[in-house]
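I opened this notebook page to record what I looked up around the bound ligand. The entries below follow the order in which I checked things.

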Amino acid sequence: MRFTRRKFLGVATAATFAATHPALAAKPLTIGFSQVGAESEWRTANTTSIKDAAKKAGVIMKFADAQQRQENQVKAIRSFIAQRVDIIAFSPVVESGWDTVLREAKAAKIPVILTDRGVKVADPSLYVTLLGSDFVEEGRRAARWLVEHAKKNPGRAYNIVELQGTVGSAPAIDRKAGFAEVIKGEPRLKMLRSQTGDFTRTKGKEVMEAFLKSEGKNITVLYAHNDDMAIGAIQAIEEAGIKPGKDILVISIDGVRGAFEAMLQGKLNVTVECNPLLGPQLMQAALAVKAGKPVPKRIVVNEGVFPAEVAAKEFPNRRY
Ligand code: GZL
């Protein structure tokens, strides 16, 4: 918008008027945000993006870390309702169990925005929009990389173990489904074991140790639902005297710095990007909701796939 002198004076007068009549100055937006926890590099980057974007947008952010427990998120949402925030936003740790508390938010006329993970609710009007990745597609992309690898290596066995994310979470359910959908048509790609590592390095290492104990050298592929579990598993693979990235192909999701470092060391073969930098789009959506403007029910973020061959070139461009 070009500022003509007349328009500029008009704005200046309005600002002066508002300053002398504070009740009329636009009240800053207040968002109550309930975060899953701090379980992974991805989550840390996601939290930083949301807090930075709130600051830049002049939004008052009431932030609660649920330590990966749904009951803490329900408590936080109830507290935001009691505090009469303008908007409630959260990344639901699991898909189900939200109907009651979201009905309370609706009764209090407080709009709800979902970021990152989705929910399964009987009444879709309980939230305004879901801003985040397509996890099924992320699972498909991981499997497509493996299918292409198998085509180029006709003599190789593809015996897969899978480290799933948090039980009941949208990314764990959908990444498993997307991967399974693509490998279903590939008889050479065999799923040996699949178990949750809860998206953390510690659990990822523990479960990979158990896989190696039971399956040993039969394992030739690891599919991890996030880079943190893959990095933990890589430690277990090395401690067993096996070469990650070579004896066992390592495929994971997120695209965090740790994954690029592992690719540069030849220990991880590909990471499927899952963009955590949702802060700016969350503020945009929240301000639009507050202004009564329409917001799409689903906002999908764009993401790529980074095989080890491009890691060195891509690493300097990474923003998380
Ligand atoms: C995905 C996000 C997942 C990440 C994990 O959007 O919910 O949770 O893939 C994180 O790293 O713990």
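**Ligand site**

I began with an arginine, since in this predicted model an N or O atom in the side chain of R43 lies 3.0 Å from an oxygen atom of the ligand. I then noted that the protein buries 100% of the 320 Å² that the ligand exposes when taken alone.

Next I turned to the acidic side chains, and for E39 I found a side-chain N or O atom at 2.5 Å from a ligand oxygen, while for D116 the corresponding distance to an oxygen atom of the ligand is 2.3 Å.

I listed the surroundings as a whole and counted 13 residues around the ligand, with E39, D116, R117, R175 and D254 as the closest. By character, I sorted the shell into 6 charged, 5 nonpolar and 2 polar residues.

Which helices each supply at least two residues of the shell around the ligand? I wrote down α2, spanning 41–57, and α6, spanning 170–183.

I also checked the cavities, and my entry reads that the largest cavity is the space taken by the ligand.

Last, I asked where the ligand lies with respect to the two domains. Domain 1 (8–133 + 276–302) and domain 2 (135–274) both contribute residues to the shell, and therefore I placed the ligand between them.

Key: Residues numbered from 1 in each chain as written. Predicted model: local features only at pLDDT ≥ 70, side-chain atom pairs only at ≥ 80, totals over all residues. Heavy atoms only, no water. Near = heavy atom within 4 Å. Polar contact = N/O pair within 3.5 Å; in protein donor to acceptor, adjacent residues only side chain to side chain. Areas by Shrake-Rupley, 256 points an atom, 1.4 Å probe, with all protein chains shown as cover. 1 Å grid on protein atoms, 1.4 Å probe; cavity = no way out; pocket = protein on both sides within 12 Å on 5 of 7 lines; lining within 4 Å. Sits in = over half its atoms within 2 Å of the grid points. Helix = DSSP H or I, 4+ residues; strand = E, 2+ residues; numbered from the N terminus. Nonpolar A, V, L, I, M, F, W, Y, C, P; charged D, E, K, R; others polar. Domains from an automatic or database assignment.
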